[in-house]
Amino acid sequence: PISVDSQTVTMTMAPSASLSGLDRARLRAFADAYLRDGHGALTLSAPGGADDGHASGVRAALSEFGVPVDQIAAASYRTGEGSTTDLILSYTHYVATPSACGVW
């Protein structure tokens with residue numbers, strides 16, 4: 001039998017005033033993969049209480065790359081003392097997995 005399993009695909013981005021060429025390329029590849037394989041919303045998580053400027057830039061770039069604005073969900077996460085303030089993008093991807101073959 002074949003089972004269908006969900007996997008969470010994630011990408012982290014360090015906050016910056018503007019997206020570099022490398023960040024834009026990574027974000028475009030992530031958006032393309034989401035549009036091809038994603039199910040449900042693409043979640044953009046930012047540290048709670050952080051400046052939303054970088055998240056807004058990422059949201060705008062995702063929209064530019066074809067991700068519908070209503071498919072981008074905002075979320076926040078708590079950070080501890082000295083932890084990073086990365087943005088975390090994620091979506092769900094379903095994969096068909098066959099069971100192990102028996103001994104023949």
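Before we start: two strands count as paired if DSSP finds at least two bridges between them. Keep in mind that this is a predicted model.

**Exercise 1. Work out which strands sit at the edges of the sheet, starting from the strand order.**

Step 1: Write down the order. The open sheet has four strands, arranged E1-E4-E2-E3, and the pairing is mixed.

Step 2: Look for strands that pair on one side only. Those are strand E1 (2–13) and strand E3 (72–77), so they are the edge strands because each pairs on one side only.

Step 3: Add the twist. On average, neighbouring strands of this sheet are turned by 30° against each other, direction ignored.

**Exercise 2. Find the neighbours of strand E2 and say how E2 runs against each one, parallel or antiparallel.**

Step 1: Take E4 (residues 87–98). It runs antiparallel to E2 (residues 38–47), and five bridges join the two.

Step 2: Pick out residue partners on that side. Gly38 has His93 in E4 as its bridge partner, while Leu44 stands opposite Leu89 in E4.

Step 3: Now take E3. Here the pairing with E2 is parallel, over six bridges. One residue pair to look up is Leu42 with its bridge partner in E3, Ile72.

**Exercise 3. Decide whether Gly21 is buried or exposed.**

Step 1: Locate the residue. Gly21 belongs to helix H1 (residues 21–37).

Step 2: Compare its accessibility with the cut-off. Exposed means over 50% relative accessible area. Gly21 has 56% relative accessibility, so it counts as exposed.

Step 3: Place Gly21 against another residue. Ser90 is 69 residues away along the chain, and the C-alpha atoms of Gly21 and Ser90 are separated by 21 Å.

Notes:
Residues numbered from 1 in each chain as written. Predicted model: local features only at pLDDT ≥ 70, side-chain atom pairs only at ≥ 80, totals over all residues. Heavy atoms only, no water. Axes fitted to C-alpha atoms, helices over the stretch in contact; angles between N-to-C directions. Buried < 20%, exposed > 50% of the residue type's maximum accessible area, 1.4 Å probe, protein only.
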